[in-house]
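Let's take a walk through this one together, going from helix pairs to the way the chains meet. Have the viewer open as you read.

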Protein chains: 2
Amino acid sequence: MASRRPTIEDVAREAGVSRATTSRVINNLPGASDQVRDRVHRAVADLGYQPNAAARALASGRAPVIDLVVVAHETKPSELGVNPYFSRVLAGMLSALDDTGTAMRVRLVAPSDASDALDRLADGVTTGAVLVNVPPPMATRFHRRCRRVVSLGGTAAHIPAVEAENETGAHAAVAHLYGLGRRHIAAVHGPDRNTCAASRRVGHLDAIHDAGVPDVAADGGFWRDGGYRAATQVMAADPTLDALFVACDLMAVGAIQAIVATGRRVPDDVAVVGFDDSILAVATNPSLTTVRLPVEDMAAAAARTLLNDDAKPYFRQIFPVDLVRRRSTSLG
Amino acid sequence: MASRRPTIEDVAREAGVSRATTSRVINNLPGASDQVRDRVHRAVADLGYQPNAAARALASGRAPVIDLVVVAHETKPSELGVNPYFSRVLAGMLSALDDTGTAMRVRLVAPSDASDALDRLADGVTTGAVLVNVPPPMATRFHRRCRRVVSLGGTAAHIPAVEAENETGAHAAVAHLYGLGRRHIAAVHGPDRNTCAASRRVGHLDAIHDAGVPDVAADGGFWRDGGYRAATQVMAADPTLDALFVACDLMAVGAIQAIVATGRRVPDDVAVVGFDDSILAVATNPSLTTVRLPVEDMAAAAARTLLNDDAKPYFRQIFPVDLVRRRSTSLG
DNA sequence: TTGTACGCGTTATCAG
DNA sequence: CTGATAACGCGTACAA
């Protein structure tokens, strides 16, 4: 007996008007008397009518969907499930999409076949796409096939992006450590190919240059165990180390464990500053002084930019960062 | 000059066959000579043809999309961005969807207007929906409007679900603490309305009953600060407390901080066992002994069930859990 | 094995 | 302000 879902045709008949008029009313377009509007709305309610998304998308040439495109290894122990950064992006985008009737689609592409995959995705994009961790060359390529894009973190200059003051943040972090009286400040960086990591490295170099501190650093690849290894490495390189700047909280978690494993105490022997201010920063012991990245706000801004069709070439929105002092740098 | 995207019509013309034949070849349906197949494939490659998703969805009545439906407060400080559970679900589903051509759509619905929102979602579902944190009544209602559903965590008996042995896990956790010689074992639970939380509570009660330990417990709402408060509360209720079972890692993070804040040491004074084995379990200090929930595997199984159209009523797949011993329960 | 023709549910462009 | 009617691009019975 399960009668099929009512179509706009059924609504039109019920309301005693044409499909066209019905469509206008439903889409809030001008050209329909209030009387007719009422009749249609009533019919919609009576029949429990809901527009068919596929038909809409086909006819209008656009679907109410924003893609979140992430380049990440699917094989590695679940990058997505381990680094809070991604879920914060998700949360931010979803909050911006709330009540807009626009849904979010998540696309994960492996770095290996990323180019091909991105090409295919670029053609399927509708309202727009937010790029996360997509290297500049690929982002450029994507942008060529699809203009409705916003990258989270800078790539090429002409590609619309929402960024954070990574450089400033890293500088502030190092300055904070220096201000604490620390003079042997090492660093654990993210992968070079990542533009955020690169910016933070620049800020760090700038700061230690100002302070006349030598550059002792290692790459932790934005992974926890990478942070552990890199921290171990820099401690070996400079046994007098008394401070560590770590380019993301996840690596900082590993770094702290590495420090403690050598018998050193945090912050007494080694003060640590992270980057992100994710849940991890308040899960560690001691809690982590870190540079707060407003990831949720940034992701929401990216989504809104797409919704408003503001993603013109060279578009840019830059968010400030903020040093959050916690126990990993404060004695007593 | 930007010529429109090629349609199947263009491909057909290029290959010198009809649309129908072209469609068959593209969809790998029987009824096409190898020779024709080759010609069509070549034409597809030459033109860079890509099927239009919307048209496909409309014609076939099904879109290659799986919905992830989550009931959560959007207002609260980003539940999604803070609890690793959600991102693990995402990671698991995405790994199952990899190479299937099926995308994932995320739908966040607020508890307040959840019923209405779910009704609307249920009609828009295509390949299927995975339900997360959807209370039994709403899940039932959803299931009535849309059969292609799998719930992550049990709800009503007839609703297809992928579950974990929460009860067994909680029992094992408490037994572990008891085995350590601890006799004053308290607990921090999740919200009653959450079925997983309820199961863990049952396992806990069962275990302390076996052990003859009194029931000292508080609700932490599955939140970090809730865990902090609840731990503080049970320590006040029983100052001789020497062990704590916490129903999720996020709350355990707060609990450990609360314990340390009172001057007690973990595990020396109070041993702690969490639940989940998320990244948080290895971020705390000391690292957290916890009950491992194979969230990624469960989410992947749920997605696969939908892909295979196996989501019949009363469908059930139950995953074992596993106690992972770390420093929060081991001296020395 | 291949082609014809119709339907999918809307939107959008015209007349009226 | 309203109503025919033509796209939109593809899947699929049915016929050849």
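Is the crossing of H7(A) and H8(A) left-handed or right-handed? It is right-handed, where right-handed means that the near helix is turned clockwise from the far one by less than a right angle, and left-handed means anticlockwise.

Before going on, a word on ground rules: this is a predicted model, so local features need pLDDT of at least 70 and side-chain atom pairs count only at pLDDT 80 or more, while totals for chains, interfaces and linings use all residues. Residues are numbered from 1 along each chain as its sequence is written, and chains are lettered from A and ligands numbered from 1 in the order in which they are written.

Back to that helix pair. H7 (residues 114-124) and H8 (residues 136-145) of chain A have axes 9 Å apart, at an angle of about 25°. (Helices are DSSP runs of H or I with at least four residues, strands are E runs of at least two, and both are numbered from the N terminus; axes are lines fitted to C-alpha atoms, for helices over the stretch in contact, with angles from 0 to 180 degrees between N-to-C directions.) H7(A) and H8(A) are therefore roughly parallel; that label covers angles under 35 degrees, with over 145 roughly antiparallel, 65 to 115 roughly perpendicular and the rest oblique. Among the residues making the contact are A:Leu118 and A:Ala122 of H7(A), and A:Met138 and A:Phe142 of H8(A). Contact here means C-beta atoms, placed from the backbone, within 7 Å.

Chain B offers another pair to look at. H1 (residues 8-15) and H3 (residues 34-47) of chain B cross at roughly 125°, their axes coming within 9 Å, and are therefore oblique to each other. B:Val11 of H1(B) and B:Val40 of H3(B) are among the residues in that contact.

Now for B:Thr284, in the loop between strands S9 (271-276) and S10 (289-292) of chain B. B:Thr284 is buried, with 26 other C-beta atoms within 10 Å; 20 or more count as buried, 12 or fewer as exposed, and anything in between as partly exposed. Leaving aside neighbours within four places in sequence, B:Thr284 touches A:Ala283 and A:Asn285 as well as B:Val253 and B:Ile256.

How do the two chains relate? Chain A lands on chain B with an RMSD of 0.1 Å after a turn of 180° and a shift of 0.0 Å along the axis, which is the relation of a two-fold axis. The superposition is by least squares on C-alpha atoms of residues with pLDDT of at least 70 in both copies. And 100% of the interface residues of chain A are also interface residues in chain B, so the copies meet through the same surface.

Technical notes: Contact = placed C-beta atoms within 7 Å.
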